[in-house]
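Let's take a walk through this one, ring by ring, and then have a look at the empty space inside.

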Amino acid sequence: MGAFYQKINSLYYRDEKTNKIQPERGYVKPEFELLKDLKWEATEKVDGINTSIVITKKAPEEGGYDIKFRGKTEHANMPITLINKLTKISETFKPKLSEFLENFEIGDEIELFGEGYGNKIQSGNGYLAQDVDFILFDIRIGKYWLTRESCEDIAKKLDLKIVPLIGYMTIPQAEELVKIGFTSLVAQNNKNLLAEGLVLRAPLGLKDRSGERLITKVKTCDWVKYNK
């Protein structure tokens, strides 16, 4: 089974005592400075629990596939309500898996990364008052990460929600949007809920020297705290 999802760094260093961002110190990665004026893919950041649904193609005599759920780390504990929801979601798309897996080889692993959100998960009551859900934000097949377009295609085929695409923007443009604040497109219980922020992915899946994709986050609460 593949590695867990990479840690998404904030744009800036933080004060160790106050945890406030420190824009005056510059970006935490030189690549952010180098690429800041390119158009990054910006999606809504959902406040929840990082989790994934792992589908592995098996031989017909072994049932054709295997489905597992994973948390952010090996020892992460998921609420039973979320586990039940993931089970229900996987039962819904099981009838579609035979056709979906036709072009895959036995042993291929498709990992659907998403956020578990909603009632009693982080600050998720604004999203859903009485329920929890799973919303897709990334897909890895073997060692390959899929494009937004491919993620949308698979989400449609498996009837999964996917995090809203806010647009393609430079890092400064993304910061300005988050500073102003924008309402969440995911929230159902509170239509005026401010989005947690944005997740930015560099164009074409660009990576740093360590081989990690260039992904960062811009959080609404960081700028609110910084400006106090």
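W223 has a relative accessibility of 7%, and since anything under 20% counts as buried, that is the label it gets. Bear in mind that this is a predicted model, so every value here is computed from predicted coordinates. Its partner Y226 comes out at 31% relative accessible area, so that residue is partly exposed. The two rings make an aromatic pair, with 5.3 Å from centre to centre and 80° between the planes, which is an edge-to-face arrangement. Both residues belong to helix α5 and are three residues apart, about one turn of the helix.

That pair is part of a wider network. Ring pairs tie W223 and Y226 into a cluster together with Y12, Y27, F32 and W40. Across the whole structure, the search turns up eleven aromatic pairs. Another of them is Y5 with F113: the ring centres are 4.9 Å apart and the planes meet at 55°, and because that angle is neither under 30 nor over 60 degrees, the pair is classed as tilted. This pair bridges distant parts of the chain, with Y5 in the segment before β1 (9-10) and F113 in strand β5 (residues 109-118), 108 residues apart. Both Y5 and F113 are buried.

Rings also turn up under charges here. The charged end of R25 is placed over the ring of Y13, 4.3 Å from the ring's centre. Over at W145, it's R213 whose charged end sits above the ring, at 3.7 Å from the centre.

Now for the empty space. How many cavities of 30 Å³ or more does a search of the whole structure find? There is one, and the volume of this largest cavity is about 50 Å³. W223 shows up again here, as one of the residues lining the largest cavity; the others are S10, L11, Y12, I21, K217, V218, K219 and D222. Y12, which you met in the ring cluster, is therefore on the lining list as well.

Which elements give two or more residues to that lining? They are β11 (215-219) and α5 (220-226). The largest share, three residues, comes from β11. Sorted by class, the lining has five nonpolar residues, three charged ones and one polar one.

So if you'd like one residue to start from in the viewer, try W223: it is buried, pairs edge-to-face with Y226, and helps line the largest cavity.

Methods. Residues numbered from 1 in each chain as written. Predicted model: local features only at pLDDT ≥ 70, side-chain atom pairs only at ≥ 80, totals over all residues. Heavy atoms only, no water. 1 Å grid on protein atoms, 1.4 Å probe; cavity = no way out; pocket = protein on both sides within 12 Å on 5 of 7 lines; lining within 4 Å. Points joined across faces, edges and corners; volume = space filled by probe spheres on them. Helix = DSSP H or I, 4+ residues; strand = E, 2+ residues; numbered from the N terminus. Nonpolar A, V, L, I, M, F, W, Y, C, P; charged D, E, K, R; others polar. Phe/Tyr/Trp six-rings, centres within 6.5 Å; stacked < 30°, edge-to-face > 60°. Buried < 20%, exposed > 50% of the residue type's maximum accessible area, 1.4 Å probe, protein only. Lys NZ or Arg CZ within 6 Å of the ring centre and 35° of its normal.
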